[in-house]
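Reader: Could you take me through one part of this model up close? I'd like to know what packs against what there, and how the pieces around that spot fit together.

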Amino acid sequence: IVGAPGALLDGWGESRRRRGYRELTQGLAAVAAGDGVEAQKHARKAEQLLSEPALTLLLSAQAAQLNGDRDGARRAFTAMLDDDQMAFLGLRGLIGQSLRDGDQAQALAHAERAFRLRPQTPWVVHSLFDMQAQVGHWRAAQETLETGIRRKVVTADKGRTLKALLEIERSREAEREGRPSDALALAREAFALAPERIAVTRRLAELQLKGGESKKAMKTIERGWALAPHPDLASLYLEASGETEALKRIAVARRLAALNPSDIESHLVLAQASLDAGLWGEARRHLDSAAGTNPSTRVCRLMAEVEEREQTGQDKVRAWLSRAADAPADRAWRCTACGAHHEGWRPVCESCGAFGTLQWRTPGTYGQILPPEGVPSEALPSSPRGSNLPVPATNNTTS
């Protein structure tokens, strides 16, 4: 008799908890089914029945999102921050809300807090890194990257290339701030890390050329060309050579092309140099080598230019231009994360905001030195530090 009231209260409380958990379960099922109204109804009942509001906050937030109630979702996610066990989930929700609202600064602040809570979580590391890169916080991004490498969230090889690209951006920043020696030092460090990255090779060569070190610039481009040819590197090489006579520039182009004779860019640089010198037959020979069985748009247009300048007849010119319209696409700067096309290389994709994902490639190919996980790779010549770098996919080059 004495213990009966307490037993009744305990039983009533246990029944209340069971009903609360049942409402919580049904609400989560409604979220999974995409029924926002039903989910909100169960969330309200669960809040009334359970004395642990943290358990119902996630359901309330998700139900509000399904109903388009952005303010309600934000309030629920914010309330989760007061509970140590729910704070991380709340931050994830607030990051998504801030990004959808276009509030990049707030999203970055939430990501930094989430990183402090769980620096070993992959999506936190990658999201924070990209956000820091988007706003140009290069040093902070490098610290995030190094933490990711230490915790094995980022592979050492991927970390190496990302660090090189970060140092390129720090080099640009140093140049803008009037620190040319620091800019050059950072570019050299980047090139030592990732000479196979086109953007890295070009940056160092440009700075060397500006500093009057033409021979060093040519050596830099020669090493980069052997790993990843690109038209911009060819133009820079010819500029660094100082040759202005068309016939002599052919010899310069041959020296560069010999470093990677099988790549299409080597044939194209020789074709362009021959075309500029008026050697139509030589230009056509190199274009034939570049064309293979299915010439690309760029090859077809150069063929049309050869026919026009040799004055072989407008019919041939029109035929090549017509063929160019249906020819396979050329290599271009494309984001490996979202597939967006870019006219020139940039550190951050304007479409998806990812850092270091622009690759010089043809559509539907990897075009990258670091293939996706699970794709085997061979080894490139050793870097100055003796590391073995993976080789690019066939007929593709990287950024």
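Author: Let's start with His 342, since a lot hangs off that residue. Leaving out residues up to four places away in sequence, His 342 touches Trp 333, Cys 349, Glu 350, Ser 351 and Leu 358. This is a predicted model, so read every contact here as a computed one. His 342 sits in strand S2 and is buried, at a relative accessible area of 7%; it counts as buried because that value is under 20%.

One of those contacts is also a strand partner: Trp 333 stands opposite His 342 in S2. The pairing behind that is S1 with S2, antiparallel, over two bridges. Between these two strands the hairpin has five residues, and Gly 339 in that hairpin takes a positive phi near 85°. If you're checking backbone torsions, that's a spot to look at.

Now zoom out a little to the sheet. It is an open one, with three strands in the order S2-S1-S3 and antiparallel pairing. Strand S2 (341-342) and strand S3 (358-361) are the edge strands, each pairing on one side only. On the S3 side, S1 (residues 332-335) is joined to S3 by four bridges, and the two run antiparallel. Arg 334 stands opposite Gln 359 in S3. Leu 358, which is among the contacts of His 342, falls within the range of S3, 358-361.

What about the faces of S1, are they covered or open? Both faces are covered: Ala 332 and Arg 334 are buried on one side, and Trp 333 and Cys 335 are buried on the other. So Arg 334 is a buried residue here, as well as the one standing opposite Gln 359.

Cys 335 leads to the next thing you'd probably ask about. How many disulfides does a search of the whole structure find? Zero. The closest cysteine sulfur to that of Cys 335 belongs to Cys 352, and at 3.7 Å it is too far for a bond. The cut-off that matters is 2.5 Å between sulfur atoms, so this pair doesn't make it. Seen from the other end, Cys 352 is in no disulfide, and its nearest cysteine sulfur is that of Cys 335, 3.7 Å away. The two cysteines sit in different surroundings, too: Cys 335 is buried, with a relative accessible area of 0%, while Cys 352 counts as partly exposed at 36%.

For contrast, here are two helical spots. Ala 76 is in helix H4 (residues 70-80) and is buried, with a relative accessible area of 7%. Setting aside neighbours within four places in sequence, Ala 76 is in contact with Leu 57, Ser 60 and Ala 61. Ala 76 and Leu 57 are 19 residues apart in sequence, yet their C-alpha atoms are 5.5 Å apart in space.

The other spot is a helix pair. The axes of helix H16 (residues 280-291) and helix H17 (residues 297-310) come within 10 Å and cross at roughly 165°, which means H16 is roughly antiparallel to H17. Their crossing is left-handed. From H16, the contact involves Trp 280, Ala 283, Arg 284, Leu 287, Asp 288, Ala 290 and Ala 291. H17 contributes Val 299, Leu 302, Met 303, Val 306, Glu 307, Arg 309 and Glu 310.

Conventions:
Residues numbered from 1 in each chain as written. Predicted model: local features only at pLDDT ≥ 70, side-chain atom pairs only at ≥ 80, totals over all residues. Heavy atoms only, no water. Pairing = 2+ DSSP bridges. Buried < 20%, exposed > 50% of the residue type's maximum accessible area, 1.4 Å probe, protein only. Contact = heavy atoms within 4.5 Å. Axes fitted to C-alpha atoms, helices over the stretch in contact; angles between N-to-C directions. Parallel < 35°, antiparallel > 145°, perpendicular 65-115°, else oblique. Left-handed = near helix turned anticlockwise from the far one by under 90°.
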